[in-house]
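Subject: Handover of a structure, with findings

Dear colleague,

Please find below the structure that I am handing over to you. My findings follow it, set out by topic.

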Amino acid sequence: IGDDLRPGVEVDGVRWIRFAIRARSDREYPPAKPVPVNVEVDLLNRSENADVLIIVLFEDENGTALDRLELGSIDAKQDRLREEVQKHKITAAVIEATRNVYLFLEVSR
């Protein structure tokens, strides 16, 4: 969280270039408080128009599941770079404890 990830994978003609989660402010939050974040996704669609679904799983250092975040559907137009920013909330305790992030991408036409 806070870093750019470069998945570099291609699924059904959609190349996943970049992923990031960034807090929208630097202020401190109590552990149970939801923290506003921006989720940034860059996709390049080299095929026909597609809807892309991304799911993020958060784990702690022991592999224990902390939370799941499902992004809203992303409309990826043919032969276009799509730079998407979505606003979500993640509990401060989850942000603090996260050591592993698993990313899932589904393309539908």
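How long is the polar contact that joins the side chains of R18 and E40? The contact between R18 and E40 is 2.9 Å. Before I place that contact in its setting, please note that this is a predicted model. The chain has an average pLDDT of 96, and 100% of the residues score at least 70. Confidence is lowest in strand β1 (residues 9-11), where the mean is 95, and highest in strand β5 (residues 65-70), where it is 98.

The surroundings of R18

R18 belongs to strand β2. With a relative accessible area of 13%, R18 falls under the 20% limit and therefore counts as buried. Besides its contact with E40, R18 has a polar contact of 3.2 Å with D4, again between side chains.

R18 also forms a salt bridge with D42, in which the closest N and O atoms are 3.0 Å apart. This pair links distant parts of the chain: R18 lies in strand β2 (residues 14-23) and D42 in strand β3 (residues 34-45), 24 residues apart. D42, like R18, is buried.

A second salt bridge, between R22 and E40, has its closest N and O atoms 3.4 Å apart. Since R22 is in strand β2 and E40 in strand β3, the pair ties together parts that are 18 residues apart in sequence. The two partners differ in exposure: R22 is partly exposed, at a relative accessible area of 26%, whereas E40 is buried, at 14%.

These residues belong to a wider arrangement. D4, R6, R18, R22, E40 and D42 are linked in a network of salt bridges.

Other salt bridges

The structure holds 11 salt bridges. One of them joins the side chains of D75 and K77, with an N to O distance of 3.0 Å. D75 is partly exposed, with a relative accessible area of 29%, and K77 is also partly exposed, at 39%.

The sheet

Strands β2 and β3 take part in an open sheet of 4 strands, whose order is β1-β2-β3-β7 and whose pairing is antiparallel. The edges of the sheet are β1 and β7 (80-91); each has a single partner strand, so one side of each is left without a neighbour in the sheet. From one strand to the next, the twist averages 30°.

As background, strands of a sheet pair through backbone hydrogen bonds, in either a parallel or an antiparallel sense. In this sheet, β3 and β7 are paired in the antiparallel sense over 12 bridges. As an example of the register, V37 has H88 in β7 as its bridge partner.

The aromatic pair

The structure holds 1 aromatic pair. The ring centres of W16 and F19 are 6.0 Å apart and the ring planes stand at 90°, so the pair is edge-to-face. The reasoning rests on the angle, because planes over 60 degrees apart count as edge-to-face. W16 is buried, with a relative accessible area of 2%. F19 is likewise buried, and its relative accessible area is 2%.

Two residues with positive phi

In general, most residues other than glycine have a negative phi. Two aspartates are worth noting on this point. D12 is not a glycine, yet it has a positive phi of about 50°. D12 is placed in the loop between β1 and β2, and with a relative accessible area of 46% it is partly exposed.

D79 also has a positive phi, of about 55°, although it is not a glycine. D79 sits in the loop between β6 (74-76) and β7. At a relative accessibility of 54%, D79 is above the 50% limit and therefore counts as exposed.

Where to begin

When you open the model, I suggest that you start from R18 in strand β2. From R18, the salt bridge to D42 leads into strand β3, and the pairing of β3 with β7 then leads to an edge of the sheet. The loops that hold D12 and D79 may be viewed afterwards.

With kind regards

Definitions and conventions. Residues numbered from 1 in each chain as written. Predicted model: local features only at pLDDT ≥ 70, side-chain atom pairs only at ≥ 80, totals over all residues. Heavy atoms only, no water. Phe/Tyr/Trp six-rings, centres within 6.5 Å; stacked < 30°, edge-to-face > 60°. Buried < 20%, exposed > 50% of the residue type's maximum accessible area, 1.4 Å probe, protein only. pLDDT = per-residue confidence, 0-100. Salt bridge = Lys/Arg side-chain N within 4 Å of Asp/Glu carboxyl O. Pairing = 2+ DSSP bridges. Axes fitted to C-alpha atoms, helices over the stretch in contact; angles between N-to-C directions. Polar contact = N/O pair within 3.5 Å; in protein donor to acceptor, adjacent residues only side chain to side chain.
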